[in-house]
Each structure stands twice: as structure tokens, then as C-alpha cells.
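Q: Please give me a close look at one loop residue and its partners, and then carry on to other parts worth a visit. I'd like it as one connected story that I can follow with the structure open beside me.

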Amino acid sequence: MKIYRLEVGMLATNCYIAMNEELKEGVIVDPGGDAARIMSLVDELGIKVAAIFVTHGHSDHIGALSEVRKATGAPVYVSEEDADMLTKAERNLSVYMAYSIECAPAEHFFKDGEDVTIAGMTFKVYATPGHTKGGVCYKIGDCLFTGDTLFRGTIGRTDFPDSDENEMLASLKKLYAMEGVRAVQIQGNEIDAIDI
């Protein structure tokens with residue numbers, strides 16, 4: 001498997017494509033903006049997008065969701081607690097950023113602790129509320145997609161309307177207790193890739 005990263009949207013959100021090289025299929029995580037760039041990489045890789053995963057429903061993580069979904073026909077996965085953030089601009093906070101994002105509802109809802117196998121890859125889902133009520137992380141192999149639960153050297157904000165500092169602390173303890181996770185800091189080119 002290979003993971004590609006793009007910085008997308010006006011807040012430079014990390015968007016990832018996890019690719020099964022044997023099947024030529026992949027999963028997009030957090031299409032936060034720049035749909036044309038995301039789809040350009042998908043086309044360059046020559047893969048079928050089997051699913052779109054959303055770590056949480058803030059606008060900087062779903063800014064290109066509608067366009068990428070339309071281009072790929074892939075179903076969207078999100079936690080049930082953040083589901084209405086996809087469909088309501090007030091909930092995803094885009095209404096406060098001088099534009100409005102309202103997407104179609106997700107097809108699938110994640111549950112804490114479940115294993116989701118798509119494109120021949122198995123992702124473990126971890127509920128990590130705090131930044132939002134329904135924030136989740138996805139672990140595949142020894143890599144963890146954390147959305148805005150963790151940043152380099154800090155954690156996600158807890159001053160938004162549905163954020164909770166105590167939930168964030170509990171989520172961080174859960175991540176700290178995980179075994180078999182390596183820290184991956186991808187730096188350098190606009191499009192980077194790692195093998196796992």
C-alpha cells in the first residue's frame with residue numbers, strides 16, 4: 001500500500017489517498033479543497049476511488065467533498081455524530097467563512113472500534129471526540145490518520161461550538177495507549193508518498 005498526501009484548500013488541510021497498488025483502488029481521506037488537484041492525482045495514479053473517508057465535518061475537511069464524490073461516484077463515510085456537518089453550513093462552520101458548504105448525506109457511518117475493509121485495505125476506526133463530537137481516526141498498518149485530533153507539536157482546537165476539552169483529553173489518552181503506531185511526518189514536495 002502507498003499513501004499520498006496533498007495540502008488542499010485555503011487552510012492547507014492534509015488530504016490523503018491510500019492506494020492498494022495491486023488492485024489499483026484507493027480511499028480518499030479528507031478532501032478539504034482543490035478538487036481538481038485531488039482528481040488530477042487520482043487520474044495520474046490510475047486508480048478507482050472506492051470510498052471517501054471524513055475524519056470530522058469541519059468545512060476545511062469537506063470543501064471538495066461534493067466535487068470529488070461526483071467525479072468518482074464513491075460513497076462517503078463519516079461518524080454519525082458529525083453526519084449533519086456535511087449537510088448544514090452552520091454546523092461545518094463554512095457559513096462563518098464567507099462561503100457555504102452543504103453536501104449530500106453520507107452513505108455510511110463509522111462506529112468506534114470497527115474494522116472497515118475497502119479496496120483490499122482494512123482500516124480500524126477510533127472515535128476521538130474533542131475537536132468535534134464525532135471526530136474519528138483511522139489506523140491502517142502502523143499509520144494513523146488523525147484529522148484535527150493531532151497536529152505536529154499540538155492538538156486540535158477545543159473552542160468551537162461542539163468541541164470539548166475533556167473529551168479531547170480522553171481521546172489523546174486513547175491514542176497514547178495505542179501500540180504499533182509510528183509517527184509519520186511527511187514534508188517536502190507538494191505531493192508526497194510513503195510506502196507502508
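**Glu-107 and beyond**

A: Let's start at Glu-107, which sits in the loop that runs between helix H5 (89-92) and strand S6 (108-110). Please keep in mind that you are looking at a predicted model.

How buried or exposed is Glu-107? Its relative accessibility is 43%, and because this falls between the 20% and 50% cut-offs, Glu-107 counts as partly exposed. Leaving out residues up to four places away in sequence, Glu-107 touches Arg-69, Pro-75 and Val-76. Two of these partners also have polar atoms close to the Glu-107 side chain. With Arg-69, the link runs from side chain to side chain, as a polar contact of 3.1 Å. With Val-76, the partner atom belongs to the backbone: the nitrogen of Val-76 lies 2.7 Å from a polar atom of the Glu-107 side chain. For a sense of scale, the C-alpha atoms of Glu-107 and Gly-130 are separated by 24 Å, although their positions lie 23 residues apart along the chain.

From here, let's move to the second largest pocket, whose volume is about 170 Å³. By class, its lining has five nonpolar, four polar and three charged residues. Among the residues that line this pocket are Leu-11, His-58, Asp-60, Met-97, His-131, Asp-148, Arg-157 and Phe-160.

His-131 is a good place to pause in that lining. You will find His-131 in the loop between strand S8 (121-127) and strand S9 (136-140). Its relative accessible area is 5%, which is under the 20% cut-off, so His-131 is buried. The side chains of His-131 and Asp-148 are joined by a polar contact of 3.3 Å. Asp-148 is also in the list of residues that His-131 contacts once neighbours within four places in sequence are set aside; that list also includes His-56, His-58, Gly-156, Arg-157, Phe-160, Asp-162, Ser-163 and Met-168. His-58, Asp-148, Arg-157 and Phe-160 are, like His-131, part of the pocket lining.

Another lining residue, Leu-11, belongs to the loop between strand S1 (2-8) and strand S2 (13-20). Beyond residues up to four places away in sequence, Leu-11 touches Asp-60 and Met-97, and both of these partners line the pocket as well. The C-alpha atoms of Leu-11 and Gly-32 are 8.8 Å apart, with 21 residues of separation along the chain.

In that S1-S2 loop you also meet Ala-12. Ala-12 is not a glycine, yet it has a positive phi of about 55 degrees. Its relative accessibility is 39%, so Ala-12 counts as partly exposed. Lys-24 offers another example: its phi is near 60 degrees, a positive value in a residue other than glycine. The place of Lys-24 is the loop between S2 and strand S3 (25-29), and a relative accessible area of 36% makes it partly exposed.

Finally, take a look at the aromatic rings. The structure holds seven aromatic pairs, and ring pairs link Phe-53, Tyr-77, Phe-110, Phe-123 and Tyr-138 into a cluster. Phe-110 brings us back towards our starting point, since strand S6 (108-110) is the one that follows the loop of Glu-107.

Terms used: Residues are numbered from 1 along each chain as its sequence is written. This is a predicted model: local features need pLDDT of at least 70, side-chain atom pairs count only at pLDDT 80 or more; totals for chains, interfaces and linings use all residues. Side-chain values use heavy atoms; hydrogens and water are left out. On a 1 Å grid over the protein atoms alone, a cavity is a set of points where a 1.4 Å probe fits but cannot get out, and a pocket is an open set with protein on both sides within 12 Å along at least five of seven lines; lining residues have an atom within 4 Å of a point. Grid points are joined across faces, edges and corners, and a volume is the space filled by probe spheres set on the points. Ala, Val, Leu, Ile, Met, Phe, Trp, Tyr, Cys and Pro count as nonpolar, Asp, Glu, Lys and Arg as charged, and the others, Gly among them, as polar. Helices (H or I, at least four residues) and strands (E, at least two) are DSSP runs, numbered from the N terminus. Contact means heavy atoms within 4.5 Å. Rings of Phe, Tyr and Trp (its six-membered ring) pair if their centres lie within 6.5 Å; planes under 30 degrees apart count as stacked, over 60 as edge-to-face and the rest as tilted. Buried means under 20% relative accessible area, exposed over 50%, partly exposed in between (1.4 Å probe, protein chains only). A polar contact is a pair of N or O atoms within 3.5 Å; within protein, one must be able to donate a hydrogen and the other to accept it, and residues adjacent in sequence count only if both atoms are side-chain atoms.
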